[in-house]
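Hi,

Here is the structure I promised to pass on. Have a look at it first, and then read my notes below.

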Amino acid sequence: MTVDNSTSSREMAEAKALRRAFGTFATGVTVVTTGGTVPHAMTANSFTSVSLDPPLVLVCVDRSAVMHRCLTTTGFFGVCVLAAHQEAAARHFADRWRTLGAAQFDDVDWLPGENTGVPLLEGTLARFECELWRTYDGGDHTIFIGKVLSMEQQTDREALLVFNGKFRQITPDWSEVTA
């Protein structure tokens, strides 16, 4: 008896439809970074706050991504919340064929984090330095939870968003949410 492990056309179509449905939730865009001897970065929109006490954030990373191995081995990471003018940086760090290692940071302005040395991009809305706190199985992804060691925020910029698979910006016609 042989078992066919290939993905069927129907399963691929369902995965694409699911991805499109997930894409209807507008999110901010981040660049997640790791330092060490071989620094690395990737664009991610699966980022969120988890807790204020202790201060925790999470990022979800595909198990096959280079970043997965980097996060697992370094123990520290940075999260840079991109501003509207940083679409080029988002595209750069999403490019699977870019040069890797320290050279991938040559075309962006960055500085080393004060606590961990992880590369942190300049001109962002917010930057976080994190220590890996916990990991959880998330199917084909791993959920990495980091304890925030430091953060910086700029309030004079608009956010870069992703919606329906396209980069977007906040328009001036917005209303404030009150709690």
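To get you started: which residue in S10 is the bridge partner of Thr 135? It's Phe 144. One thing to keep in mind as you read on is that this is a predicted model.

That pair belongs to a bigger picture, so let's do the sheets.

Strands of a sheet pair through backbone hydrogen bonds, either parallel or antiparallel. S9 and S10 (residues 141-153) take the antiparallel option, with 12 bridges between them. Both sit in an open sheet of seven strands, ordered S3-S2-S6-S9-S10-S5-S4 and paired antiparallel. At its edges you'll find S3 and S4 (47-52), each pairing on one side only. Ignoring direction, neighbouring strands in this sheet are turned by 35° against each other on average.

Two helices are worth finding here. H2 packs on the sheet and touches S2 (30-34), S3, S5, S6 (76-81), S9 and S10. The direction of H2 makes about 50° with that of S2. H3 lies across S2 and S3, and runs at about 115° to S3.

There is also an open sheet of three strands, in the order S1-S11-S12, again with antiparallel pairing. S1 and S12 are at the edges with a single partner strand each, so one side of each has no neighbour in the sheet. S1 is joined to S11 (residues 160-163) by two bridges, and Gly 28 stands opposite Leu 161 in S11.

Now for the empty space. Rolling a probe the size of a water molecule over the atoms shows where it is left.

The largest pocket has a volume of about 1600 Å³. It is lined by 37 residues, and the closest to its centre are Arg 19, Thr 43, Ala 44, Asn 45 and His 141. Elements giving two or more residues to this lining include H1 (9-22), H2 (66-74) and H3 (87-94), along with strands such as S3 (40-44) and S5 (55-62). By class, the lining has 18 nonpolar, 10 polar and nine charged residues.

The second largest pocket holds about 380 Å³ of space. Which residues lie nearest its centre? Val 81, Leu 125, Ala 126, Gln 153 and Ala 159 do, out of the 18 that line it. Two or more residues of this lining come from S1 (27-28), and likewise from S9 (126-138). Sorted by class, the lining of this second pocket has nine nonpolar, seven polar and two charged residues.

Happy exploring!

Methods
Residues are numbered from 1 along each chain as its sequence is written. This is a predicted model: local features need pLDDT of at least 70, side-chain atom pairs count only at pLDDT 80 or more; totals for chains, interfaces and linings use all residues. Side-chain values use heavy atoms; hydrogens and water are left out. On a 1 Å grid over the protein atoms alone, a cavity is a set of points where a 1.4 Å probe fits but cannot get out, and a pocket is an open set with protein on both sides within 12 Å along at least five of seven lines; lining residues have an atom within 4 Å of a point. Grid points are joined across faces, edges and corners, and a volume is the space filled by probe spheres set on the points. Helices (H or I, at least four residues) and strands (E, at least two) are DSSP runs, numbered from the N terminus. Ala, Val, Leu, Ile, Met, Phe, Trp, Tyr, Cys and Pro count as nonpolar, Asp, Glu, Lys and Arg as charged, and the others, Gly among them, as polar. Two strands pair if DSSP finds at least two bridges between them. Axes are lines fitted to C-alpha atoms, for helices over the stretch in contact, and angles run from 0 to 180 degrees between N-to-C directions. Contact means heavy atoms within 4.5 Å.
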